[in-house]
Every structure is written in C-alpha cells, then in structure tokens.
Amino acid sequence: MKRLLLGPLVLLCYVASAQVVTIKEVELSGEKIVVTYDLDDNNPNNEYLLNLYTSKDNYAQAVANVTGDIGMDIKPGTDKKVEWNLVKEYGGYKGRLALELRGKVYVPFIRLKDFKATGTYRRGKTYNLNWKAGNSDPVNIELYKGGQRITGEMNHPNNGSYDLYIPSHAKPGTDYKIKFTDARSSDENFATQTFRVRPKIPLLLKILPVAVVGTVIFILTSKGGSKGEGGGGDDIPDPAFPPKQ
C-alpha cells in the first residue's frame, strides 16, 4: 500500500466522553482508500452507526461505495478498517480531499429478522418481513432495483411486520434491495443486502409441457392406420434387427 496525502483529516464522533475513536492510518490501495481506526468503549455491548464523509460536497452526504467496519451495528474494537472506492464514487478525482468519520451510539429504529439475501424471490409473490421495533415512529418501506424505486408504503406502523409484494411487471435482476426509513427522521435509514428477483414461473417449466405434447403427437402419427372410430390400431411392430451372421 502507498501512503495517501489527502490534506486535513477530521474525525467527528458524537458520543460521550467514555468513548474514543482514533484514526490510525489512511492509505491508498489501487482504486480504494483504506482507513484504519480504533473504537474504544468501556461498554463492549454498545453498537455504533458510522459513516464516512468528504470535503468534496462539504460533508453533506455520506459516501456510498464503502465496505468493512462502516454503517450500522459496529462494535468497539481495534484496527477496524473502512475501504472506500474513490474511483467508483467520484471517477478521476484530482485535488485535495479531507475525510470525516462521523458516528454515534446506535439504537436502531428497527432490526430486521431472518431476511436472507440469498433466498429465492419471485415476481407476483408476497413475502412477509419481520423486525424488532426500536421506537414507535412509523416507517417507510420501499423496494428498489438499483437506484429505481419499484414500489413501497409510506408511514407504515412500526409494528414489526409488513407484507412485501413484488409486482409482476418488475424486471428480473440481482440488484434488488429493500430500504427502511424512519418516517420522522430521514437520517435513520438502512437498506438490505441486494438480492435476486426471478420470474414467477421458471422458463424451463413453460417449455417442458410443449415438449411433452410434441412427443405425444410424434408417437400417434408414427403408428399405422386406425381401424375405425374407437377401434384399436395395428400393433406397433417390433424393431428390426440386423440378420445374424
């Protein structure tokens, strides 16, 4: 890795004095910027919401192309890493750039249960979502394909359950996600991992009945003539074998 000079590096962490966040190193690895930090807390059960911001937009919006120890449910610990794809986020950026790592003790407004991004989801089907509510604020629940909103419900009661319908007209793809937002605080939001939506009936099942009918027609038309309506046809002759030598 190469050491990256990005100008001033700023850390903002909105937590009590018992918690300390220390950025230890910022490095360049290919197209990615790697931030290493320690998160110290005398309560190891606390969880944090951490986001990375940059001076390019005056720290207005958290960067999106990040992986590692970032986002929700971050536990205290040392040598935590955030990898940010600078090229994917900003393209061929040139110039000085400052970073801010902002965080706070996180009490989620909902905690989704038993959602499997590797599961099978089909168009025209309804799936029940369940979660544990962290407050009583209503929630917005939206289905996205990439950056396109497909469907959703606003101000749904935060009662821990919702039936998500995937429209029949939705295009198959692997870039679907479900976004949850606190209806009274847009900063409180998260999205599931991306998952795949398939057609309602697999294409193979649509083709197989046609193949079976074609086989039946072939057998019927290959027989000898019938002996009148309702009568049985000639027996199908035994296959011919070559004469013995």
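**Exercise 1.** Decide from its relative accessible area whether Tyr121 is buried or exposed in this predicted model, and then classify the ring pair that Tyr121 makes with Tyr127.

*Solution.* The relative accessible area of Tyr121 is 12%, and since the limit for a buried residue is under 20%, Tyr121 counts as buried. The next step concerns the rings, and here the structure holds ten aromatic pairs. In the pair of Tyr121 and Tyr127, the ring centres lie 5.0 Å apart and the planes meet at 65°; because an angle over 60 degrees counts as edge-to-face, that is the class of this pair. Tyr121 and Tyr127 also belong to one aromatic cluster, together with Phe115, Tyr176 and Phe195.

**Exercise 2.** Determine the geometry of the aromatic pair formed by Trp131 and Phe180, and state which strands the pair links.

*Solution.* The centre-to-centre distance is 6.0 Å and the angle between the planes is 65°, which makes the pair of Trp131 and Phe180 edge-to-face. Placing the two residues in the secondary structure, one finds Trp131 in strand E12 (residues 126-133) and Phe180 in strand E16 (residues 173-182), so that the pair, with its partners 49 residues apart, links distant parts of the chain. The last step is accessibility: Trp131 has a relative accessible area of 4% and is therefore buried, and Phe180, at 0%, is buried as well.

**Exercise 3.** Identify the residues with the most contacts inside the largest nonpolar core, and trace which strands supply this core.

*Solution.* The largest nonpolar core has 22 residues, and those with the most contacts inside it are Ile178, Phe180 and Phe195. At least two residues of this core come from each of the strands E12, E13 (139-145), E15 (161-165), E16 and E18 (195-198). To see the surroundings of one such residue, take Ile178, whose contacts beyond four places in sequence include Phe115, Leu129, Ile141, Leu143, Leu164, Phe190 and Phe195. Apart from this core lies another, of 18 residues, among them Val35, Leu50, Ile70 and Trp84.

**Exercise 4.** Describe the environment of Glu188, asking whether it is buried or exposed and with which side chain it makes a polar contact.

*Solution.* Glu188 lies in strand E17 (residues 185-191). Its relative accessibility is 16%, so this charged residue counts as buried. The side chain of Glu188 makes a polar contact of 3.4 Å with the side chain of Lys104. Once its neighbours within four places in sequence are set aside, Glu188 is in contact with Lys104, Tyr106, Phe109, Phe180, Thr181 and Asp182, and Phe180 in that list is one of the residues with the most contacts inside the largest nonpolar core.

**Exercise 5.** Find which ring lies under the charged end of Lys56, and which under that of Arg102.

*Solution.* For Lys56, the charged end sits over the ring of Tyr90, at 4.8 Å from the ring centre. For Arg102, the charged end sits over the ring of Tyr53, at 4.0 Å from the ring centre.

**Exercise 6.** Tyr59 and Asp114 are residues other than glycine with a positive phi; locate each, and establish whether Tyr59 and Asp114 are buried or exposed.

*Solution.* Phi is near 60° in Tyr59, which is found in the loop between strand E5 (48-54) and strand E6 (66-68), and the relative accessibility of 17% means that Tyr59 counts as buried. Phi is near 55° in Asp114, a residue of the loop between strand E10 (110-113) and strand E11 (121-122). With a relative accessible area of 76%, Asp114 is exposed.

**Exercise 7.** Work out whether the loop residue Asn46 is buried or exposed, and which residues it touches.

*Solution.* Asn46 is found in the loop between strand E4 (32-41) and E5; its relative accessible area is 17%, so Asn46 is buried. A polar contact of 2.9 Å joins its side chain to that of Asp41. Not counting residues up to four places away in sequence, Asn46 touches Gln19, Asp41, Ile74, Lys75, Pro76 and Val105.

Definitions and conventions. Residues numbered from 1 in each chain as written. Predicted model: local features only at pLDDT ≥ 70, side-chain atom pairs only at ≥ 80, totals over all residues. Heavy atoms only, no water. Phe/Tyr/Trp six-rings, centres within 6.5 Å; stacked < 30°, edge-to-face > 60°. Buried < 20%, exposed > 50% of the residue type's maximum accessible area, 1.4 Å probe, protein only. Helix = DSSP H or I, 4+ residues; strand = E, 2+ residues; numbered from the N terminus. Lys NZ or Arg CZ within 6 Å of the ring centre and 35° of its normal. Polar contact = N/O pair within 3.5 Å; in protein donor to acceptor, adjacent residues only side chain to side chain. Contact = heavy atoms within 4.5 Å. Core = buried A, V, L, I, M, F, W, Y, C linked by side-chain atoms within 4.5 Å.
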